[in-house]
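Open the model in your viewer and keep the selection box at hand. We will go from stop to stop, choosing a few residues each time and looking at what is there.

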Amino acid sequence: MIDRAKTILGDVFGYDEFRSLQKEIIRNVLKKRDTLVIMPTGGGKSLCYQIPALIFKGLTVVVSPLISLMKDQVEQLTELGVPAVFLNSSLSNEEYSRNVERVKKNGVKLLYLAPEALLTPGMLSMLSSLQVDCLAIDEAHCISEWGHDFRPEYRQLVGVRSRFPSATCIALTATATPRVQEDIKSNLKFDASNEFIASFNRENLFIQIASKNSPTSQTIEFLKNYPDQSGIIYCFSRRQVDDLYETLKSKGYSVRPYHAGLSDTERARNQELFIRDDVQIIVATIAFGMGINKPNVRFVIHFDLPKNIETYYQEIGRAGRDGLRAHCLLLFSYADIQKIKYFINQKDDHEQRVANIHLNSLLQFVETDGCRRIPLLTYFGEDYSTEKCDMCDNCLAGEKTFVDITVPAQKFLSCVKRTDEIFGANHIIDVLRGSQSKKVLKFGHANLSTYGIGKEYSRKQWFHLARQFIQKGLMIQDTKYGSLKLTGKAYDVLKGKEAVLGILEEEHLHDRKGKGKKYEYEHDHVLFEKLRKKRKELADKAGLPPYVIFPDKTLIEMAAFFPRSEESLLRIHGVGAVKYSKYGTIFLNIINEYCRDHHIE
Ligand code: ADP
Ligand code: ZN
């Protein structure tokens, strides 16, 4: 049966190989064993039930929490020639009845439903007259109160299972926490061990963290590297979203905002424009992204610090679903940490503890001098054994050399001492750099012997030094107020008994565009643009997002290998039989004409 699955993978989906675990999962489902799948966003979860659905005689019911996700999947399957429908409130009465008829006549392989729709007596009785072979529960973390999107209706799905005893159940999620996994298994009454956990490492994401000095111009600098490419910029507040949106718009960028202050229609419209490649950039609060499956998001910028690693990982996970390189930039400042701390301090004791733990893991990730993937994957309980990923800023920075930083340490520590250990790093740095700020003058700190003795380093460099002094146990920081205090070790340094080795950060933000590993073929960009234009035209005519016609990767391969016959086109990623019959000649004509005009053999 697994041979059959492999054939379908090629003929229907146009892919050569299964990705990690897909084969094992499909085999398990085909044996009608309950299966739990934990895979990161973009890992390829959908195929794990779509291919079995095409092999099973009966129907596969897919439970999905959002209309936009159902629509996206059904559009993609329909384009591939797979009979799939959804039933939800977005359909007109006619469309709804037509879909019901198709289901009743065994005319579809996959039926997508929201949990509340599946739970209605009408739906259940209709389905019990059919053979249901598989119940796929997408975004299965919605079952758990410990997850981030708890949906009470998901808890009643277990009742549905008993009505379809011959249906096997596959639950899928990208949430990695063990607690949520346990919840899913116990809720759905899964027996023992059929659990498949893929690595959470997303190799094709380039991860970079830069000190946030002037975030707007840093963002604009960054965007110059990605003209005409899709990307998302996440901000902390609605106001920030609106500001940045206005600035980018005034500079001529193709951009829309997205946040809870906009009307539902406006939000839906902006999202749709983005998905259809009519708008390139979305500036958003965290509210954006849950319902989108757009595979060609080429960059994600965190304009502000995310709340915790889990949120961060989910947000960058929206980039590069197509497996091509995507760039994730986080702009980091210690002022943002203070902002988050301020919010944490409003919470009750228990919540504060949890929030502080989260914040510390985030700090470890931000401050590490080693590979970024180590703290990230450690957070998800994964043992990341490669020392260098070659796809993060630290791995590409080359060896960081440790230098003697005893003198700056003495300057900093003595300034902490002389200001009575009641101030945070911000103020200490002001004093060291000889600032004329009101606060410095008010406390008479302009008269101290340490005033203005640290002008040789920038604020940014001082902040980086200060973090190292804390990490090395020379100072401790009050978690509530951020004030710094010396430790016993600090006095040894001050007395010259102990030297301090550390890293002096360079001043400039390196351009990281295109650095790291290659995830795409060298290709003809002119031809690529021609193909892309044709794709957009076809997509608009069909009222579909362009990636549903062909993903970028398909067009890139066309522009790299110049396929000129049916046989060679079918070998291109994402070209299966049905897609070929729909679009094959249209794209072949463009390629042939281009090759003729440019004398390409
Ligand atoms: P997830 O649901 O885990 O976020 P998807 O199922 O949407 O991921 O898959 C992400 C992308 O990877 C899709 O564009 C999908 O078509 C593609 N994909 C999945 N499996 C394969 C494969 N074996 N080979 C090539 N592409 C694949
Ligand atoms: Zn790395």
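A disulfide, for the purposes of this tour, is a pair of cysteine sulfur atoms within 2.5 Å. Keep in mind as you look around that this is a predicted model.

**Stop one: two cysteines**

Select Cys328 and Cys389 and show their side chains. Why do they not form a disulfide? The cysteine sulfur closest to that of Cys328 belongs to Cys389, and it lies 11 Å away, so the distance is too great for a bond. By the 2.5 Å rule, the count of disulfides comes to zero. Are these two residues buried or exposed? Cys328 is buried, with a relative accessible area of 0%, and Cys389 is buried as well, at 3%.

**Stop two: the ligand**

Now centre the view on ligand 1 and display the residues around it. The shell holds 15 residues, of which Tyr15, Glu17, Gly42, Lys45 and Ser46 come nearest. Try colouring the shell by residue class: you should find four nonpolar, seven polar and four charged residues.

Next, look at the oxygen atoms of ligand 1. One of them lies 2.6 Å from a backbone N or O atom of Gly42. At Gly43, a polar backbone atom is 3.4 Å from a ligand oxygen. Ser46 takes part through its side chain, where an N or O atom is 2.7 Å from an oxygen of ligand 1. How much of the ligand does the protein bury? Taken alone, ligand 1 exposes 560 Å², and the protein buries 83% of that.

**Stop three: aromatic rings**

Switch to the side chains of Phe, Tyr and Trp. Across the whole structure there are 19 aromatic pairs. Pick out Phe423 and Phe443 as one example: their ring centres are 5.0 Å apart and their planes meet at 80°, so this pair is edge-to-face. The pair links distant parts of the chain, 20 residues apart. Phe423 sits in the loop between α18 (406-418) and α19 (425-432), while Phe443 sits in the loop between α20 (438-442) and α21 (459-471). Turn on a surface and check each partner: Phe423 is buried, with a relative accessible area of 6%, whereas Phe443 is partly exposed, at 39%.

Before leaving the rings, select Phe200, Tyr313, Tyr379 and Phe380. Ring pairs link these four into a cluster.

**Stop four: a helix residue and a backbone oxygen**

Move on to helix α23 (residues 525-542), where you will find Arg532. What does its side chain reach? Draw a distance to the backbone oxygen of Asp228, and it comes to 3.2 Å. Arg532 is buried, with a relative accessible area of 19%; the cut-off for buried is under 20%.

**Stop five: two long distances**

For the last stop, zoom out and select Ala284, which lies in strand β11 (residues 281-284). Ala284 is buried, with a relative accessible area of 0%. Add Val160, which is 124 residues from Ala284 along the chain, and the two C-alpha atoms turn out to be 37 Å apart.

Then go to helix α4 (residues 67-79) and choose Thr78. Thr78 counts as partly exposed, with 42% relative accessibility. How far is its C-alpha atom from that of Ser20? The separation is 26 Å, for residues 58 apart along the chain.

Technical notes
Residues numbered from 1 in each chain as written. Chains lettered and ligands numbered in written order. Predicted model: local features only at pLDDT ≥ 70, side-chain atom pairs only at ≥ 80, totals over all residues. Heavy atoms only, no water. Near = heavy atom within 4 Å. Polar contact = N/O pair within 3.5 Å; in protein donor to acceptor, adjacent residues only side chain to side chain. Areas by Shrake-Rupley, 256 points an atom, 1.4 Å probe, with all protein chains shown as cover. Nonpolar A, V, L, I, M, F, W, Y, C, P; charged D, E, K, R; others polar. Buried < 20%, exposed > 50% of the residue type's maximum accessible area, 1.4 Å probe, protein only. Phe/Tyr/Trp six-rings, centres within 6.5 Å; stacked < 30°, edge-to-face > 60°. Helix = DSSP H or I, 4+ residues; strand = E, 2+ residues; numbered from the N terminus.
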